[in-house]
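User: I would like a close look at one part of this protein, its nonpolar interior, set against the rest of the chain. Please keep the wording plain.

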Amino acid sequence: LEEARKEIVDSKKYLEKLGYSGMTDTYYLKEDNTATINYAYSQNNVIVYPDLIKLKVALDNGEIVGMESKGYLYSHTKRSIPKPIITEQQARSMINSKMEVLSSGLAIIPTDYKTELFTYEFKGKLGNNDFLVYINAETGKEENILMIVDTDRGVLTF
């Protein structure tokens with residue numbers, strides 16, 4: 001995990017040199033002595049998941065061995081991000097009260113229909129499982145729930 005953290009710092013600098021600023025690491029996966037690190041764009045403290053870049057970094061020497069930026073290239077634009085209509089507290093009340101919320105923030109998430117939704121993202125724990133819950137910041141509707149799986153290869157969502 002510690003060597004992956006170092007690669008995250010170095011790969012973020014690499015992205016900045018290429019002109020991709022404002023990127024935030026979200027998840028990573030270790031495979032065959034490489035780490036694939038997902039970066040999402042952040043605008044005004046809102047994580048914009050459609051603007052995704054994946055970097056593949058060699059763990060032995062820190063060399064960038066692959067980059068996939070299709071999501072960023074297809075989706076990136078300066079967005080007009082509205083103020084949420086519902087408060088974070090109202091959105092929090094929409095999730096299972098048994099879930100312990102560990103962090104929260106605003107996020108734009110992609111849909112299966114090539115559109116985007118403005119949401120609150122809640123990271124939390126229910127029993128022994130970690131989850132991401134997305135509540136629409138304009139309507140209060142639950143939009144998506146992902147289970148986070150922390151494996152020896154990295155952090156994945158399902």
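How much area does the protein chain expose, and what share of it do carbon and sulfur atoms supply? After that, please go through the largest nonpolar core and what surrounds it.

Analyst: The model is predicted. In it the protein chain exposes about 9,400 Å², and carbon and sulfur atoms supply 49% of that area. The chain has 158 residues, of which 36% count as buried.

The overall layout comes before the core. Three helices and nine strands make up the list of elements, and along the sequence they follow the pattern α-β-β-β-β-α-α-β-β-β-β-β. Among contacts between residues at least 6 apart in sequence, 44% join residues at least 24 apart.

Now the core itself. The largest nonpolar core holds 27 residues, and Leu15, Met23, Phe122 and Ile135 touch the most other members. Two or more residues each come from strand 1 (23-31), strand 2 (34-43), strand 3 (46-58), strand 6 (116-126) and strand 7 (129-136). Strand 3 gives the largest share, five residues. Apart from this core lies another one, of nine residues, which include Tyr27, Ile47, Ala107 and Ile109.

Ile135 shows what one of these core residues meets. With neighbours within four places in sequence left aside, Ile135 is in contact with Ile86, Ala91, Met94, Ile95, Phe118, Thr119, Tyr120, Phe122, Gly140, Lys141 and Glu142. One of these partners, Thr119, sits in strand 6. Thr119 counts as buried because its relative accessible area is 0%, and the cut-off for buried is under 20%. Not counting residues up to four places away in sequence, Thr119 touches Gly105, Leu106, Ala107, Ile109, Tyr134, Ile135, Asn136, Ala137 and Glu143. Two of those names, Ala107 and Ile109, are among the members of the nine-residue core.

Ile109 also leads to the largest pocket. This pocket has a volume of about 1,000 Å³. Its lining has 32 residues, and the closest to the pocket centre are Tyr49, Pro50, Leu52, Ile109 and Pro110. By type, the lining divides into 16 nonpolar, nine polar and seven charged residues.

Leu52 in turn leads to Glu68, since Leu52, Ile53 and Lys54 are touched by Glu68 when residues up to four places away in sequence are not counted. Glu68 is found in strand 4 (residues 64-68). Although Glu68 and Lys54 are 14 residues apart along the chain, their C-alpha atoms are separated by 5.1 Å. Glu68 has 34% relative accessibility, so this residue counts as partly exposed.

Two loop residues give a contrast with the buried Thr119. Asn45 lies in the loop between strand 2 and strand 3, and Lys114 lies in the loop between strand 5 (100-110) and strand 6. Asn45 counts as exposed because its relative accessibility is 70%; for Lys114 the value is 79%, so Lys114 is exposed as well. Their backbones deserve a look too. Most residues other than glycine have a negative phi. Asn45, however, has a positive phi near 65°, and Lys114, also not a glycine, has a positive phi of about 60°.

Notes: Residues are numbered from 1 along each chain as its sequence is written. This is a predicted model: local features need pLDDT of at least 70, side-chain atom pairs count only at pLDDT 80 or more; totals for chains, interfaces and linings use all residues. Side-chain values use heavy atoms; hydrogens and water are left out. A nonpolar core is a set of buried Ala, Val, Leu, Ile, Met, Phe, Trp, Tyr and Cys residues joined through side-chain atoms within 4.5 Å. Buried means under 20% relative accessible area, exposed over 50%, partly exposed in between (1.4 Å probe, protein chains only). Helices (H or I, at least four residues) and strands (E, at least two) are DSSP runs, numbered from the N terminus. Contact means heavy atoms within 4.5 Å. Accessible areas come from the Shrake-Rupley method with a 1.4 Å probe; for residues, only the protein chains shown count as cover. On a 1 Å grid over the protein atoms alone, a cavity is a set of points where a 1.4 Å probe fits but cannot get out, and a pocket is an open set with protein on both sides within 12 Å along at least five of seven lines; lining residues have an atom within 4 Å of a point. Grid points are joined across faces, edges and corners, and a volume is the space filled by probe spheres set on the points. Ala, Val, Leu, Ile, Met, Phe, Trp, Tyr, Cys and Pro count as nonpolar, Asp, Glu, Lys and Arg as charged, and the others, Gly among them, as polar.
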